[in-house]
Amino acid sequence: MYLTQEQLQTYEDNGFVLLPECFSQEEIHKMKVELPVIFSQDTPKRVLEEEGKTVRSVHGVHNTNEIFQSLSRHPQLVKPAMEILGSKVYIYQFKINAKAAFSGDIWEWHQDYIFWRKEDGVPKPQLINALVLLDDMNEFNGPLFIIPGSHKEGMIDVVAQEKRNQSQAKTKDPEWLSSFTAKLKYSLNRDMVADLVLKYGMTSIKASAGSVLLFHSNIVHASPSNISPFDRVVVIVTYNSIENICLPVPNPRPEFLVSRDYQPVDPLLESIL
Ligand code: SIN
Ligand code: MN
C-alpha cells in the first residue's frame with residue numbers, strides 16, 4: 001500500500017487528492033533550471049498563448065530531457081497511479097503548463113477524458129493525472145479550479161466546438177491544437193457548470209512547489225488567467241492502465257501528444273532526481 005486509506009478514500013469521493021511536498025526544493029530546482037532551454041525550442045511540441053509570444057505548454061518533454069524522463073518514472077507518481085488504477089500503467093501524455101506571470105491564459109471548464117475518448121479512442125476513463133507543482137500555486141497565479149465529486153457524473157458528452165475554433169484558428173494550425181488553447185474543443189457551457197457547482201460546490205488548489213495533485217480523468221476542472229507577477233509552472237503526467245490501450249482512430253494525434261508506447265513503467269528509485 002502506497003497511499004493511506006484516507007487518501008484513497010478522498011480520491012474516490014472527490015476525484016482528486018493533494019499530496020503535499022513530495023519533492024524537495026532541490027529536486028524542484030533541478031527541474032526548473034531545465035525550463036529556459038525547453039521553452040526556447042521552436043517545435044510543434046510547444047504551444048504559445050494567443051498573443052503568439054509566451055509559452056503556454058510544451059509536450060512530450062519526457063522523451064527528450066533526462067530530468068523530466070526521471071520525473072515521469074518517479075515512484076512518487078507511478079506507484080500511486082498504479083494503486084489507484086489497480087494495474088500497471090504506461091505514460092499516456094506528458095506536458096508542462098507554464099501559466100506565466102502576467103500572461104498565462106485560462107483553461108476553460110472541461111473534463112480530460114472526453115478528449116482522450118473522442119480523439120484517441122481510449123476505451124475507459126481508467127487514466128490518472130499526476131500534476132507536479134514547480135511553483136507555489138496560490139489564489140493569485142491562476143490556480144486549478146475543481147468541482148469536487150464531479151467525476152461521478154461520468155463523461156459529459158458535450159458537442160465539439162469545431163466551428164468556433166475553425167473561424168478563429170490560423171489556417172496553418174494543426175487540428176489537435178484546439179485541445180490545448182484557451183478555447184477548448186470540448187468545454188462545458190455555463191449552464192452545465194452552474195448546475196454542477198450548485199450540486200457539488202467548487203474549490204481551488206493552493207499548495208507549495210513540490211506538491212503533487214492526483215486527479216481523475218472525468219473531474220470537471222478549469223483555471224483562470226494569471227495576472228499576478230508569479231509564474232505557475234506545473235508538469236502533468238497522465239498515466240493510462242495497460243488494460244486500457246487506445247482503439248484505432250481515423251486521424252491519430254502525434255506521438256508527442258499521445259503515446260502509443262504501451263510499455264509498462266517500472267518505477268525508478270526514490271532518489272532518482
Ligand atoms: C489542464 O486542464 O490540463 C491544465 C489546467 C491548468 O494547467 O491550469
Ligand atoms: Mn485538463
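Donors here are N, O and S atoms within 2.8 Å of the metal, and water is not among the atoms, so a site may look incomplete. With that in mind, welcome to this predicted model, where the donor residues of the manganese ion (ligand 2) follow the spacing H-x1-D-x108-H in sequence. Two of those donors, D112 and H221, link distant parts of the chain, 109 residues apart. Below is a short tour of the metal site, a neighbouring stretch of sequence in helix 6, and strand 11.

**The manganese site**
- H110 and H221 each coordinate the manganese ion (ligand 2) through NE2, while D112 does so through OD, at 2.1 to 2.2 Å.
- D112 lies in the loop between strand 5 and helix 6, whereas H221 belongs to strand 10 (residues 220–223).
- Both D112 and H221 are buried.

**Helix 6**
- Helix 6 (residues 113–120) is largely enclosed by the rest of the structure, because six of its eight residues are buried.
- Those buried residues are Y113, I114, F115, W116, E119 and D120.
- Their cover includes strand 4 (89–97), strand 5 (107–110), strand 6 (127–133) and strand 11.
- Just after helix 6 comes G121, with a positive phi near 70 degrees.

**V234 in strand 11**
- V234 is part of strand 11 (residues 234–241), and its relative accessible area of 1% makes it buried, since the cut-off is under 20%.
- Leaving aside residues up to four places away in sequence, V234 touches K95, I96, N97, L131, V132, L133, L134 and M137.
- V234 and N244 are ten residues apart in sequence, and their C-alpha atoms are 26 Å apart in space.

Definitions and conventions. Residues are numbered from 1 along each chain as its sequence is written. Chains are lettered from A and ligands numbered from 1 in the order in which they are written. This is a predicted model: local features need pLDDT of at least 70, side-chain atom pairs count only at pLDDT 80 or more; totals for chains, interfaces and linings use all residues. Side-chain values use heavy atoms; hydrogens and water are left out. Helices (H or I, at least four residues) and strands (E, at least two) are DSSP runs, numbered from the N terminus. Buried means under 20% relative accessible area, exposed over 50%, partly exposed in between (1.4 Å probe, protein chains only). Contact means heavy atoms within 4.5 Å. Donors are N, O and S atoms within 2.8 Å of the metal (3.2 Å for Na, K and Ca); water is not among the atoms, so sites may look incomplete.
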